[in-house]
There are 2 protein chains.
Amino acid sequence: MNLDDKLKTLRERLGEISGVGAAIALLEWDQETYMPPQGAAGRGLQLATIVGIAHRLFTATDLGDLLRELRDERDKLCDDDNAIVSETLYDYERARKLPESFVKEFAEVQSAAFNVWMKAREESDFTQFKPYLSRIVELCRAKADMFGYEDSPYDALLEEFERGARTKSLKIIFAELAERQGALVREASCRLTPVPEWLSQEWNDAAQWSLSIRMLKDIGFNMNAGRQDRSAHPFTTTIDYDDIRVTTRIHADQLFSGLLSSLHEGGHALYEQGFLEKDARTPLCQAPSLGMHESQSRLWENIIGRSLPFWEYYLPILREYFPGKLDSVNAEDIHRAINRVEPSLIRTEADECTYNLHIIVRFEIETGLIEGNVKVEDVPALWSEKMRKYLGIEAPNDAQGCLQDVHWSHGSFGYFPTYALGNLYSAQIFEKASQDMPHIWDDVASGNFSPLREWLRVNVHQRGRRKTAPELVMEITGMEPTADAYLRYLTKKCSSL
Amino acid sequence: MNLDDKLKTLRERLGEISGVGAAIALLEWDQETYMPPQGAAGRGLQLATIVGIAHRLFTATDLGDLLRELRDERDKLCDDDNAIVSETLYDYERARKLPESFVKEFAEVQSAAFNVWMKAREESDFTQFKPYLSRIVELCRAKADMFGYEDSPYDALLEEFERGARTKSLKIIFAELAERQGALVREASCRLTPVPEWLSQEWNDAAQWSLSIRMLKDIGFNMNAGRQDRSAHPFTTTIDYDDIRVTTRIHADQLFSGLLSSLHEGGHALYEQGFLEKDARTPLCQAPSLGMHESQSRLWENIIGRSLPFWEYYLPILREYFPGKLDSVNAEDIHRAINRVEPSLIRTEADECTYNLHIIVRFEIETGLIEGNVKVEDVPALWSEKMRKYLGIEAPNDAQGCLQDVHWSHGSFGYFPTYALGNLYSAQIFEKASQDMPHIWDDVASGNFSPLREWLRVNVHQRGRRKTAPELVMEITGMEPTADAYLRYLTKKCSSL
């Protein structure tokens, strides 16, 4: 085969893998949106089958040979082709590092651990989950050994979700965050005001739904190449380059929860709709990391969606959607209501100001487990200690404590930090955007989101996976990722409330 | 491998094929229901990929070896295992008869022919479609040669949709139908009454939707293992044993179109929900033919759904769903309105009494094309001649004539007769059911559909693919399939109007 044929074959193979990936994404999307209840057992079997096929396609020896041949001819390839080859080879070699028997065992333990975790959380009893968590930790450490690492075994796990990040530097960043963000929280907590009465009304479901669709369209989500549906837990999924789907959930007693959730997923969706068409069905049509992806959802949800100018624009529209319900409310009232700071027990319900502290609790415990300084049986006690230390409160039971999140039962060690990194990246990137576009808040206040969206498209989205997240932050802002911009942002917000 | 291991392996392979089949079904379902418009191009690629994988899995040489080994040990197998082996082997050998190069060429010509047909129909110009139809006919004849046949090459094509049916006997049955049903239509047309005025109201969309759901539940569709959605062209699809989906479309100006369409698809869905759980993910969990499947949809849509007792039961309910709109209408009025006989040009809009005549027009032309007695260029003229002969009317153009159906562009020669056979089977089977259950119409008039549903479940659905359609009709009714019961049914209905 000559070089062109090899590249053509690679594109075909990637297209095939992407086709199978689309089937997996659709089966999962349907499972959360429309699948009838009795379909659940069958869906598990279908997914196991298709995931197995995807794995076989992706780890095929001849694909590896092709990739290595192309790598060896890298001098003859253009930059983009080189990037496609090196990124695919990176994924390929990582996938090949785990023997099939290990992948199978991991999946089995995962599945058992998940079921036990569900029950243990329901009964708020960590002791049930303990042996499964021990096994999961063992397997994760074995996995880290198979992937290899230089410094901490946690690095090897982190790499799966946040390529290029290192445990050592995260520890430094998070320690600083814990101190300075903790101080902000303590200060804000002293000024705690009650939940305003006007919020406790019933908010029409259909009006919430159509307003959420309107907001998605306003920020630039292309509804001809995507859609929004309902699900218990909101998510964004990519079926294919031109088919990006978000979900939301609407509560009649919470006006802003559904709207901000749509903005959050909308931020993810704009990322997925912002890749270059020529990169479609290659690794370049992906974000470099979960943290970078999360930066876009949090930017739209928090930096924009919880800002005063945003609600100055939307208040008259809100009044149209909910006639008579907001006559005596002004934009400042909304701004205050959706930025209320109050330490609470559950991460997914935490406000913006306390959120990272929840992550730090988990990060310190999970690095300890993987690095061997923390014993599984000590997790509940450590959880209490750290919640007290960072948030000043303590969970009354395991269900509201160390059993609240699904991640450890899934074996997803290294996932939590990506949420906090998303916050940091979002502020650092947005700070640069607002330097480039001094009128950005005037635009937001007049409902003009296209300058920001187009800036993000060029500077973030279209870059795809050509850089790692830290490299991309450096490219955009001229600085390593740090907590500084985020702390500046949070301090300013807290002082404005 | 010992026998048990071989059977276990076969079940696993079938499970895997069924998992891929589920992905295909879901991709297709989504394409017609929720996929955003720009997703279309990607969806084509995804489906091509997954269909290719399904084909490779199913035609794998080692699967054939396994099946033949099991067939050679048939004396040691129970009846059901033998049926699974022989039915899978039947499918396997049929799939292997077509070389991959031929399958690929066929798919390419199909795709091109479909696109040209769309344009030709839009512009009502058969000459555009002619060269593509010629190529399709050539390929279908080549296909017939590859499959092999004894009498007519059309037999080999028929086998794909209506296994066990033969061209020769269909010609006899359809000739009789044409004569006797033609006479009924001529007689009924003389008594043509205008469309009643009360029908021309606007019928609330949400009320139509929820009534259609109610009817589906009433006839026994299990909504925990299925669902209804909207699509431009109603269909039923099986994602998996416990996940059966129907679609419908609702027109504000047509009250009965959506409801009867739901009943039609509901009939298909009851069939799919009526298989035995132990047969799940094997060929036994399938109908023996399209005609047999259609018998169940037409039984519920026409024999039940267009009967007087059915509307005696539903009239008070209709009045609840559409308050004030049906105060002066009685069940007889509805019965007359939904059974109006009037020869018309479009098959899919034809009434029950004229429907089979549309099929006979197509059957005579397509057998002629495949057997070589009809030339492609003569199709429009033949169409006019036969429409005049059987229905007494003539299409003013190709769009409303020989270009109206998609089937030929798909290369689906042998498909049309299954619609008419569905009608014949439905009447012959229902005649036996009403002999076994003399109070069947009292049950229908009181909204009790479970006796009929359970009778069909035992006598038809649970038999799966253990017999061919003609064998199953014989098993159920003690007689070969004929047109007699259907003509008795239609004569009685016409005289009751």
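## Exercises on a predicted two-chain model

B:Thr49 sits in helix H2 (residues 40-58) of chain B. Helices (H or I, at least four residues) and strands (E, at least two) are DSSP runs, numbered from the N terminus. This is a predicted model: local features need pLDDT of at least 70, side-chain atom pairs count only at pLDDT 80 or more, and totals for chains, interfaces and linings use all residues. Residues are numbered from 1 along each chain as its sequence is written, chains are lettered from A and ligands numbered from 1 in the order in which they are written, and side-chain values use heavy atoms, with hydrogens and water left out.

**Exercise 1.** Classify B:Thr49 as buried or exposed, then list its contacts.

Step 1. Take the cut-offs: buried means under 20% relative accessible area, exposed over 50%, partly exposed in between (1.4 Å probe, protein chains only).
Step 2. B:Thr49 has 14% relative accessibility, so it counts as buried.
Step 3. Contact means heavy atoms within 4.5 Å. Leaving aside neighbours within four places in sequence, B:Thr49 touches A:Gly15, A:Glu16, A:Gly19 and A:Val20.

**Exercise 2.** Describe the interface of chain B and chain A.

Step 1. Count residues: 37 of chain B are in contact with 37 of chain A.
Step 2. Buried area is the accessible area (1.4 Å probe) that two parts lose on being put together, summed over both. Here the chains bury about 2,700 Å², with 58% of it on carbon and sulfur atoms.
Step 3. On the chain B side, B:Tyr34, B:Pro36 and B:Gln38 lose the most area to chain A, together 20% of what that side buries.

**Exercise 3.** Lay out the open sheet of chain B and find its edges.

Step 1. Two strands pair if DSSP finds at least two bridges between them. The 3 strands run in the order E1-E3-E2, with mixed pairing.
Step 2. E1 (226-230) and E2 (236-240) of chain B each have a single partner strand, so one side of each lacks a neighbour in the sheet.
Step 3. E1(B) and E3 (residues 243-248) of chain B run parallel, joined by 5 bridges. B:Arg230 stands opposite B:Thr248 in E3(B).
Step 4. Add the helices. H2 (residues 40-58) of chain A lies across E2 and E3 of chain B, at about 70° to E2(B). Axes are lines fitted to C-alpha atoms, for helices over the stretch in contact, and angles run from 0 to 180 degrees between N-to-C directions. H1 (residues 3-33) of chain B crosses E1, E2 and E3 of chain B, at about 140° to E2(B).
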